[in-house]
Amino acid sequence: MSYMLVIVEPPGQRSSRSDEEGRALYDSMVRYSEALKAKGLLNIAQSLKDDTRGARVKVRNGTASVLDGPFAEAKEMIGGIFLLTCDTREQAIAIAKECPAAQWATIEVRELGPCFL
């Protein structure tokens, strides 16, 4: 089964770190990704830049609108993702508990599948 770990961060958190602190945290995530890949569990891991350069797109009644970031009303920001192949939901949760980002962000565990179920 495929599971996605979504790293959910408080907005502005990254700017509160020094460059050295940010690089150290990033390096810990890279090591974590490499360990998951070595175990054959990791398909994709990717961090995302902050939402200041992001955009939200929606189409309503045939009219598209684009809202450029940062998103002032947002209480959270998606900071990155891991796409895993796990035997069970419990295994995916156990992997999320070991993720270094769980110390400064929330890790949302989601199974991939059709959105109508």
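Let's start with one side chain: that of Gln13 reaches the backbone oxygen of Trp104, at 3.4 Å. Keep in mind as you look that this is a predicted model. Gln13 sits in the loop that links β1 and α1. Is Gln13 buried or exposed? With a relative accessible area of 17%, Gln13 counts as buried, because the cut-off for buried is under 20%. Gln13 also has a partner in space from another part of the sequence: Asp50 is 37 residues away along the chain, yet the two C-alpha atoms are 9.7 Å apart.

Now step back to the whole chain. You will find two helices and six strands, and from the N terminus on they follow the order β-α-β-β-β-β-α-β. Taken along the principal axes, the C-alpha atoms fill a box of roughly 45 × 45 × 20 Å. Of the 117 residues in the chain, 31% are buried. If you take the contacts between residues at least 6 apart in sequence, 75% of them join residues at least 24 apart.

Next, turn to the nonpolar interior. The largest nonpolar core has 19 residues, and Leu36, Phe82, Leu84, Ile95 and Cys99 have the most contacts inside it. Which elements each supply at least two residues of this core? They are β1 (2–9), α1 (19–38), β5 (77–85) and α2 (89–98). Leu36 is a good residue to click on here. Setting aside neighbours within four places in sequence, Leu36 is in contact with Leu41, Leu42, Phe82, Leu84 and Ile95. Three of these names, Phe82, Leu84 and Ile95, also appear among the core residues with the most contacts.

From the core, move on to the largest pocket, which has a volume of about 560 Å³. Its lining is made of 23 residues, and Arg14, Tyr26, Met29, Ser47 and Gly79 are the ones that lie nearest the pocket's centre. β1, α1, β2 (42–47) and β5 each supply at least two of the lining residues. Where does the largest share of the lining come from? That share is seven residues, and α1 supplies it. By residue type, the lining divides into eleven nonpolar, seven polar and five charged residues.

Finally, a few loops deserve a visit. Between β3 (55–60) and β4 lies Asn61. Its phi is near 50°, a positive value in a residue other than glycine. Asn61 counts as exposed, because its relative accessibility is 82% and the cut-off for exposed is over 50%.

Further along, the loop between β4 (63–68) and β5 holds Pro70. Look at the peptide bond leading into this proline: from Gly69 to Pro70 the bond is cis, with omega near 5°.

The last stop is Asp87, in the loop between β5 and α2. Asp87 is exposed, with a relative accessible area of 64%. How far apart in space are Asp87 and Ser2, C-alpha to C-alpha? The distance is 8.5 Å, although 85 residues separate the two in sequence. So the tour ends with an exposed loop residue, Asp87, having begun with a buried one, Gln13.

Note on methods:
Residues are numbered from 1 along each chain as its sequence is written. This is a predicted model: local features need pLDDT of at least 70, side-chain atom pairs count only at pLDDT 80 or more; totals for chains, interfaces and linings use all residues. Side-chain values use heavy atoms; hydrogens and water are left out. A nonpolar core is a set of buried Ala, Val, Leu, Ile, Met, Phe, Trp, Tyr and Cys residues joined through side-chain atoms within 4.5 Å. Buried means under 20% relative accessible area, exposed over 50%, partly exposed in between (1.4 Å probe, protein chains only). Helices (H or I, at least four residues) and strands (E, at least two) are DSSP runs, numbered from the N terminus. Contact means heavy atoms within 4.5 Å. A polar contact is a pair of N or O atoms within 3.5 Å; within protein, one must be able to donate a hydrogen and the other to accept it, and residues adjacent in sequence count only if both atoms are side-chain atoms. On a 1 Å grid over the protein atoms alone, a cavity is a set of points where a 1.4 Å probe fits but cannot get out, and a pocket is an open set with protein on both sides within 12 Å along at least five of seven lines; lining residues have an atom within 4 Å of a point. Grid points are joined across faces, edges and corners, and a volume is the space filled by probe spheres set on the points. Ala, Val, Leu, Ile, Met, Phe, Trp, Tyr, Cys and Pro count as nonpolar, Asp, Glu, Lys and Arg as charged, and the others, Gly among them, as polar.
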